[in-house]
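The following report describes the structure shown below for a reader who has not met it before. It proceeds from the overall make-up of one chain to the details of its elements and of its contact with a second chain.

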Amino acid sequence: MTQSNDMNGRFPSRHANPFATCWTRPGALPFQFPTGVSAEQLVVQLAATNWRGEIVGPHGSGKSTLVETLKPHLAAAGRSLACITLREGQRRLPTDFVRKSLASARPLLIVDGYEQLSWLSRILLTWRCRRGAAGLLVTSHTPIGHPLLYRTRANLQLVEQLVSTLTASNSSPVSAADVVASHACHGSNLRELLFALYDRHEALTAAEGATARTAAAAPA
Amino acid sequence: MIEAPPITLKLDSAAGEYQPGQRLSGHFMAEGAVPWMVRSAELSILWYTAGKGDEDFAVHHFERFVDEPGRPLDLRLPHRFATALPASPLSYDGRIVKVCWCARLRIYPQQGPETLTEAVFRLGDVSAAPAEA
């Protein structure tokens, strides 16, 4: 629960824009599961495939957010989590990451952005996990041969649900038509879509402020 | 579950506008007739960035108030804080990034979830980004 004073509208604050990174980054916003799917259910599904699985979806569609949402449930299932997020062009895992991860009890390695790894690095990682009785959960833009745990998609209904969640505590002049237009422009790339809504919010609030200043300056 | 009482976090300057080097002071307290059993309260004066990209923050001033045997923490009484503000970073209301200052109070009750209360203020007088033509 957060309480805030009444200066929020006057001074710079993270509450000024509900689409700012602090509200939308993975972990800040819980993954929006469709009806009939839950984090607990996905953990059971992952356990059934010997803790091997992949989350597949296009760029910005919520894979990292889903991983963040699953983490506490995986830890509650008794797995020791070792997580890494790979950046563009990172073809190998850092030295010692796998060795240190496998040293813990009931390890589960989570590799976000698995498709960045070279073919050889993937083979080696899979082999070492199997040999060390470790789980392996990966995210990728395309299927890469592990059991499919979940496929992320961002349809308009999900986008509207996300916007509704974000604007529940910090209001926005962004309209339903703006959301539809952003979705038409960015499709399932939620990251870009939310950036576009951030910009739209800034433009609308700046215009509102300019109008209010003009009205205040006008002679009575 | 025990519900948190309303918490007051107030800066002494009603305008909430400060200049570098100026002293910022204020107080916090919890309302209610019955004492709220808390383990500790942490008061920070900090800045952070908010916007579209990577975020940054730094704590300028920190105080911890702890409930101890012989020194119970009764938040019904006003607890004061004060600090001299630094030269930078100055508050900035940009379109891509905002530099925000606030007093932040985090209370850890003996039962129930922690609470967070903020009082935002402005350091310096850098103009906001102009609206696009």
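In this predicted model, buried residues make up 35% of the 220 residues in chain A. Of the contacts in chain A with a separation of 6 or more, 83% are between residues 24 or more positions apart. The C-alpha trace of chain A spans about 80 × 35 × 35 Å along its principal axes. The secondary structure of this chain consists of 8 helices and 6 strands, and their order along the sequence is β-α-α-β-α-β-α-β-α-β-β-α-α-α.

## The sheet of chain A

Five strands of chain A form an open sheet with parallel pairing, in the order 3-4-5-2-6. Strand 3 (80–85) and strand 6 (148–151) of chain A are the edge strands; each has a single partner strand, so one side of each is left without a neighbour in the sheet. On average, and with direction ignored, neighbouring strands of this sheet are turned by 15° against each other. As a general point, the strands of a sheet pair through backbone hydrogen bonds, either parallel or antiparallel.

Within this sheet, strand 2 and strand 5 of chain A run parallel and are joined by 5 bridges. One residue pair can be named here: Glu54(A) has Val138(A), in strand 5 of chain A, as its bridge partner.

Helix 2 of chain A lies across strand 2, strand 5 and strand 6 of chain A. With respect to strand 6 of chain A, helix 2 of chain A runs at about 150°.

## Helix 2 and helix 3 of chain A

Helix 2 of chain A also packs with helix 3 (residues 63–76) of chain A, at an angle of about 65° and with the axes 9 Å apart. The crossing of these two helices of chain A is right-handed. Helix 2 of chain A contributes Ala39(A), Glu40(A), Leu42(A) and Val43(A) to the contact, while helix 3 of chain A contributes Thr69(A), Leu70(A), His73(A) and Leu74(A). By class, the residues of this contact are 5 nonpolar, 2 polar and 1 charged.

## The two sides of helix 7 of chain A

Which residues of helix 7 (residues 176–186) of chain A are buried? They are Val179(A), Ser182(A) and His183(A). These three residues lie on the same side of helix 7 of chain A because they cover an arc of only 100° around the axis. In general terms, an α-helix has 3.6 residues a turn, so residues three or four places apart point the same way. The buried residues of helix 7 of chain A pack against helix 6 (156–169) and helix 8 (190–217) of chain A. On the other side of helix 7 of chain A, Ala177(A), Ala184(A) and Cys185(A) are exposed. Just after helix 7 of chain A comes Gly187(A), which takes a positive phi of about 60°.

## Backbone features in loops

Two residues of chain A other than glycine, listed below, have a positive phi.

| Residue | Phi | Loop of chain A |
|---|---|---|
| Asn50(A) | near 60° | between helix 2 (39–48) and strand 2 (52–56) |
| Ala133(A) | near 55° | between helix 5 (119–131) and strand 5 (135–140) |

Asn50(A) counts as exposed because it has 12 C-beta neighbours inside 10 Å. Ala133(A) is likewise exposed, with 11 other C-beta atoms within 10 Å.

Chain B holds a backbone feature of another kind: the peptide bond from Ser88(B) to Pro89(B) is cis, with omega near 0°. Pro89(B) is located in the loop between strand 6 (79–84) and strand 7 (92–93) of chain B.

## Contact between chain A and chain B

How many residues of chain B are in contact with chain A? There are 26, and they touch 23 residues of chain A. On the side of chain B that touches chain A, the elements giving two or more residues are strand 1 (7–11), strand 4 (38–51), strand 7, strand 8 (97–109) and strand 9 (115–123) of chain B. Strand 9 of chain B provides the largest share of this side, with 8 residues. The residues of the side of chain B that touches chain A comprise 12 nonpolar, 6 polar and 8 charged.

Key:
Residues numbered from 1 in each chain as written. Chains lettered and ligands numbered in written order. Predicted model: local features only at pLDDT ≥ 70, side-chain atom pairs only at ≥ 80, totals over all residues. Helix = DSSP H or I, 4+ residues; strand = E, 2+ residues; numbered from the N terminus. Buried ≥ 20, exposed ≤ 12 C-beta atoms within 10 Å, placed from the backbone. Contact = placed C-beta atoms within 7 Å. Pairing = 2+ DSSP bridges. Axes fitted to C-alpha atoms, helices over the stretch in contact; angles between N-to-C directions. Nonpolar A, V, L, I, M, F, W, Y, C, P; charged D, E, K, R; others polar. Left-handed = near helix turned anticlockwise from the far one by under 90°. Arc of directions from axis to C-beta.
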